[in-house]
Amino acid sequence: MALFDNLDSIKDRAIDLAQTGVAKSKQLAEIAKLKTANLGEEDAIRKAYIEIGKLYYAERGMAPEAAYEALCQKITAAKVNIEENKSRMEEIKSEGNIVDAETVSVEDAVVTPPVVESTAPVEPLAEDKKPEE
């Protein structure tokens, strides 16, 4: 009888472990689902911020409040640069008899960011600094 009691005990323990594992899996799955939902919500917030910015720029970009002036100027300058670039592209195309099918799309182009050299001293990161004694 002691052997069967031992086997029953082991069986009960295995069942408990399996149920605990299933419960833990469900909890982890729910956490993953909630994290995914949060990523979607954060994306919705990001899109709303973009729309707010577009709306503000459309309505007030030429006469922004002081807090928004620098950002609106950046947008305006970028738009001017885009139009100048488009004009130059059209000039180049007409000079070389190039059609759009011969040009590389932005998605296909490999863009290498420019190297910016600075003469300013580099501050070490906080974790790289030694504690002052």
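The accessible surface of this protein chain comes to about 12700 Å², and 60% of that area belongs to carbon and sulfur atoms. Please keep in mind that you are looking at a predicted model. The chain has 133 residues, of which 4% are buried, and its secondary structure consists of 2 helices and 0 strands. Here is a short tour, grouped by topic.

**Salt bridges in helix H1**

- Across the structure, the count of salt bridges comes to 7.
- One of them joins Glu51 to Lys54, with 3.8 Å between the closest N and O atoms.
- Both residues sit in helix H1, which covers residues 2-60, and because they are 3 residues apart, about one helical turn separates Glu51 from Lys54.
- Glu51 is partly exposed at 46% relative accessibility, while Lys54 is exposed at 51%.
- The cut-off for exposed is over 50%, so Lys54 falls in that class and Glu51 does not.
- There is also a network of salt bridges, which links Asp43, Arg46 and Lys47.

**A salt bridge between Arg60 and Glu65**

- The side chains of Arg60 and Glu65 meet in a salt bridge, at 3.6 Å from N to O.
- Arg60 has a relative accessible area of 34%, which makes it partly exposed.
- Glu65 is partly exposed too, with a relative accessible area of 41%.

**A salt bridge in helix H2**

- Glu90 pairs with Lys93 in a salt bridge whose closest N and O atoms are 3.7 Å apart.
- These two residues of helix H2 are 3 residues apart, so about one helical turn lies between Glu90 and Lys93.
- Glu90 is partly exposed, with a relative accessible area of 49%.
- Lys93, in contrast, is buried, with a relative accessible area of 16%.
- The cut-off for buried is under 20%, so the 16% of Lys93 meets it.

**A nonpolar surface patch**

- Ile45, Tyr49 and Ile52 form a nonpolar patch on the surface, and together they offer about 350 Å² of accessible area.
- Ile52, a member of this patch, is found in helix H1.
- At 54% relative accessibility, Ile52 counts as exposed.

**The aromatic pair**

- A search of the whole structure turns up 1 aromatic pair.
- The partners are Tyr56 and Tyr68, whose ring centres are 4.7 Å apart and whose planes meet at 45°, so the pair is tilted.
- Tyr56 lies in helix H1 and Tyr68 in the loop between H1 and H2, so the pair ties together parts that are 12 residues apart in sequence.
- Tyr56 is buried at 19% relative accessibility, whereas Tyr68 is partly exposed, with a relative accessible area of 39%.

**An unusual backbone angle**

- Most residues other than glycine have a negative phi.
- Asn97 is not a glycine, yet it has a positive phi of about 50°.
- You will find Asn97 in the segment after helix H2, the helix that covers residues 69-95.
- Asn97 is exposed, with a relative accessible area of 68%.

How values were computed
Residues numbered from 1 in each chain as written. Predicted model: local features only at pLDDT ≥ 70, side-chain atom pairs only at ≥ 80, totals over all residues. Heavy atoms only, no water. Helix = DSSP H or I, 4+ residues; strand = E, 2+ residues; numbered from the N terminus. Buried < 20%, exposed > 50% of the residue type's maximum accessible area, 1.4 Å probe, protein only. Areas by Shrake-Rupley, 256 points an atom, 1.4 Å probe, with all protein chains shown as cover. Salt bridge = Lys/Arg side-chain N within 4 Å of Asp/Glu carboxyl O. Patch = residues over 30% accessible without salt bridge, like charges linked within 9 Å, V, L, I, M, F, W, Y side chains within 5 Å. Phe/Tyr/Trp six-rings, centres within 6.5 Å; stacked < 30°, edge-to-face > 60°.
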